[in-house]
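Trainee: I am new to this structure and would like to start with a close look at one small part of it. Please pick a place, stay with it for a while, and then show me how to look at the rest in a similar way.

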Amino acid sequence: MNRHIRKVAVLGSGVMGSRIACHFANIDVEVLLLDIVPTLPPDADQAMAASPAFRNKIVNDALAFALKSNPSPAYHSGVAKRIKTGNFDDNLKEIAHCDWIIEVVVERLDIKRSLFERVEQFRKPGTLITSNTSGIPIQMMAEGRSDDFRKHFCGTHFFNPPRYLRLLEIIPTPETSTEVVDFLMHYGDRFLGKTTVLCKDTPAFIANRIGVFSILYLFHTVKEMGLSVEQVDKLTGPVLGRPKSATFRTTDVVGLDTLVNVAKGLKENCPNDEARSYFELPEYILKMNENRWLGDKSGQGFYKKVKAGDGKSEILALDLNTLEYRPQQKVKFATLEQTKPIENLRERYKVLINGKDQAGEFYRKNFFALFAYVSFRIPEIADELYRIDEALKAGFGWEMGPFESWDATGLSNTVSQMKSAGIAYSAWVDEMLAAGHSSFYKIEGGKKLYYDIPSKSYKGIPGYESFIILDHIRPTHTVWKNSGTTLTDIGDGVLNLEFHTKMNSIGTEVLQGVQKAIDIAEKDFLGLVIASDAPNFSAGANLAMVFMMAVEQEWEEIDFSIRAFQNTVMKIRFSAVPVVTAPQGLTLGGGCEMNLHADAVVAAAETYIGLVEFGVGLIPAGGGTKEFVLRTSDAYKEGDIMVNLLRDNFLKIGQAKVATSACEAMNMGILIPGRDEIVTNPSRRIAQAKAKVLELSARGYVKPMMRRDIKVLGRSGLGMVYAGANTMYSGNYISEHDKKISEKLGYVMCGGDLSAPTEVSEQYLLDLEREAFLSLCGEKKTLERIQSILKTGKVLRN
């Protein structure tokens, strides 16, 4: 069946329903969002009862709340226009025009069944019908429904928040059509940007079954070992390749009551689980739940934000023994100190599990328990071990899943340690090792293979053939590298350059890498992609280097560095072969400038891009200011008021605006419609960027010419800039230093002190922005701002 999703009905507008609706609207799907009619107040009249404002109050309030939440569920402000709201009584008949109906109402089987009975009156045959339940058996919900309903019904479990957490669990029943399952797996991946994981209809499915066990086991271990809230969060956060919120802070965000409910459900529904005793909640958790210390939703949980005596906010931590809040304490473990210089996560795991202090003991206890637990869950919750890893990575934000982590600790050695500690695990692990297989995964021919338990052999992970994963091909396909970059042959005559510096910041080694990559590509290849698998494309130029040179007043060195940066981005622009960038995450300052000069950009939807130099007292000088002037000139049409176009682009730089999604970047003019592309699944970026290079090459790519026809306004534009800056300063909206930066920026964007509108070249504007940057580097207040950013990560407004 050639199925298309043009319109989706979301039934239920709570926290999940409203945000699922927003995410479908993010990808340009029309959405019908419905909920119940509110209970009529005793004094209400007929007019009020019939009023759409009253009848749709629950759904409208829920959507409005979602759209105001931070982080936003919407890619941009126009998303809400694609969502129509209504209620079950008046608008349920409209689901007849929908291609997919998603139920997201309260977690009660009777309510869900009642709603499905009503849905069947209006649903047209063949329409997808799914439930977002997190725990109710899928098959039970479809009982009593028609054959066509059951054939097109399954579970689709989104994780909250749906825009940001990439897991989508697909849970079919025995009656669900294979075509439906295949479609949902594909659609979730390609269009919703999800890691789609096929699950069995077992309690809590995959991610919550494993993730919640891991947390509950930790809850018991913490008390036994006498560890504090802060210590555990230090031990279970980024050092493990997991979110900064770690364990207790994550629980505060999610809500302790949510975790308690899942734990109770697992205890009731998993009578044969060998670790069932850990689903029994510790006394301190029960007491917190009784006190309604649920986390962010109740104002306190494992942490509590209070105002100190001086009026400043302070975050206190809960003492698990006294259940009283106290100031947070610094955390230090020798094992963690040993891992500080180790960038490679897999290598870090070997140090953590072999630690000789309390931290090492903590890791061994928790790793051993997790490894044993996941081994016993096959084939109960999944037939293939990679599904468990994929679910935990996408649903809980772990960089490595449990089986990948087991490999990283050294499988054979860890198994021996588990035996010595009396930790039982499933027999298939010993069988695998006895057969000479020493890991759950291996890389062959640039492809990641997993150990398939039934066949006792290694197989490719389905879907991975659509991705280019640099970690898998770099070891055998590196063409050139230096300390900050690696150039890899990704096949079909295309190279990929990735950065390896901290936050992928751009310094000398990265600039050299870009220059060398283009030289090699021009000589022997069809084109170049600039991208990496890292969470961020680039946090921008190396500010520490700029700061040191400015303090030492090495102006010639700074001038040389700026010229090198400008020459590099212009080499990207004027390469003899196509250069395509594929950003995701933070793409700031110099990182943004590289993308501005590419032949095309294939951006992940979650790309946060912008020119932020103004915030540290500078202006973009790596071609960023020049490019915005060029785009202002190109946007001008006969009859336009050019000063208005100039003002809009001036403010994008002057306010250091960062797009909160690639879609917003398109609206801001950073990405160009028709030339640049947006992919919702970041795992597909590099493959799609490679395809773009090949497309440009096949069309007979010709490198662009240096532009000499860029229209600038000169003094007529400068008057607007200076007047605006002076007004803002006089009104105390900006500082004196901000006024100076604004005038410098305006001077460049207007082409300098020209007596009349003039056409200038790109090089002319590059020279102006470089001169302005140099002059601002010498300002004391600029240095103070850079120092503040380097020390605290915060912008100083001086």
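Mentor: Let's begin with Thr660, whose side chain is joined to the side chain of Glu664 by a polar contact of 2.6 Å. Please keep in mind that you are looking at a predicted model. To find the spot, go to the loop that runs between helix H27 (642–654) and helix H28 (662–668); Thr660 lies in that loop. Is Thr660 buried, exposed or something in between? Its relative accessible area is 41%, and it therefore counts as partly exposed, a label for values from 20% to 50%.

Now look at what surrounds Thr660. Leaving out residues up to four places away in sequence, Thr660 touches Tyr75, Arg163, Glu606, Thr607 and Tyr608. Ile609 is worth finding too: 51 residues separate Ile609 from Thr660 in sequence, while their C-alpha atoms are 7.4 Å apart in space. The chain as a whole has contacts of this long-range kind as well. Taking contacts between residues at least 6 apart in sequence, 70% of them join residues at least 24 apart.

For another pair to trace, try Ala53 and Gly86. They are 33 residues apart along the chain, and 9.9 Å separates their C-alpha atoms. Ala53 is found in helix H3, which covers residues 52–55. With 58% relative accessibility, Ala53 is over the 50% mark and so counts as exposed.

From there, turn to a buried residue. Asn496 lies in strand S17, and its relative accessible area is 0%, so it is buried. A polar atom of the Asn496 side chain is 3.0 Å from the backbone oxygen of Ala531. Ala531 also appears among the residues that Asn496 touches beyond four places in sequence, a list including Leu470, Thr486, Leu528, Val529, Ile530 and Ile686.

Just past that strand comes a backbone detail. Asn504 sits in the loop between strand S17 (494–499) and helix H22 (508–524). Its phi is near 55°, which is positive even though the residue is not a glycine. That deserves a pause because most residues other than glycine have a negative phi. Asn504 is also buried, at 5% relative accessibility.

Phe205 is one more residue of this kind, with a positive phi of about 60° although it is not a glycine. Look for Phe205 in the loop between strand S8 (195–198) and H10. Phe205 is buried, since its relative accessible area is 1%.

Follow the chain on into helix H10, residues 207–225, and you reach Arg209. What makes Arg209 count as buried? The reason is its relative accessibility of 1%, which is under the 20% limit. Its side chain makes a polar contact of 2.9 Å with the side chain of Glu380. Beyond its neighbours within four places in sequence, Arg209 is in contact with several residues, among them Pro203, Leu266, Asp273, Tyr373, Arg377 and Ile381.

Right beside Glu380 there is a feature of the peptide backbone. The bond from Ile378 to Pro379 is cis, with omega near 10°. Pro379 belongs to the loop between helix H17 (358–376) and helix H18 (385–396). A cis bond also runs from Asn70 to Pro71, where omega is near 5°. Pro71 lies in the loop between helix H4 (57–68) and strand S3 (83–87).

Finally, step back to the whole chain. Its secondary structure comes to 33 helices and 25 strands. The radius of gyration is 29 Å, close to the 28 Å that the globule rule gives for 798 residues, so the chain is as compact as a globular protein of that length. Along the principal axes, the C-alpha trace spans about 80 × 75 × 65 Å. Buried residues, such as the ones you have just visited, make up 56% of the 798. The exposed surface comes to about 34,100 Å², with carbon and sulfur atoms supplying 52% of it. As for charge, there are 95 positive and 97 negative side chains, and the centres of the two sets lie 1 Å apart.

Terms used: Residues numbered from 1 in each chain as written. Heavy atoms only, no water. Helix = DSSP H or I, 4+ residues; strand = E, 2+ residues; numbered from the N terminus. Buried < 20%, exposed > 50% of the residue type's maximum accessible area, 1.4 Å probe, protein only. Polar contact = N/O pair within 3.5 Å; in protein donor to acceptor, adjacent residues only side chain to side chain. Contact = heavy atoms within 4.5 Å. Rg over C-alpha atoms; globule rule 2.2 N^0.38 Å. Areas by Shrake-Rupley, 256 points an atom, 1.4 Å probe, with all protein chains shown as cover. Lys, Arg positive; Asp, Glu negative; His and termini not counted. Charge placed at Lys NZ, Arg CZ, Asp CG, Glu CD.
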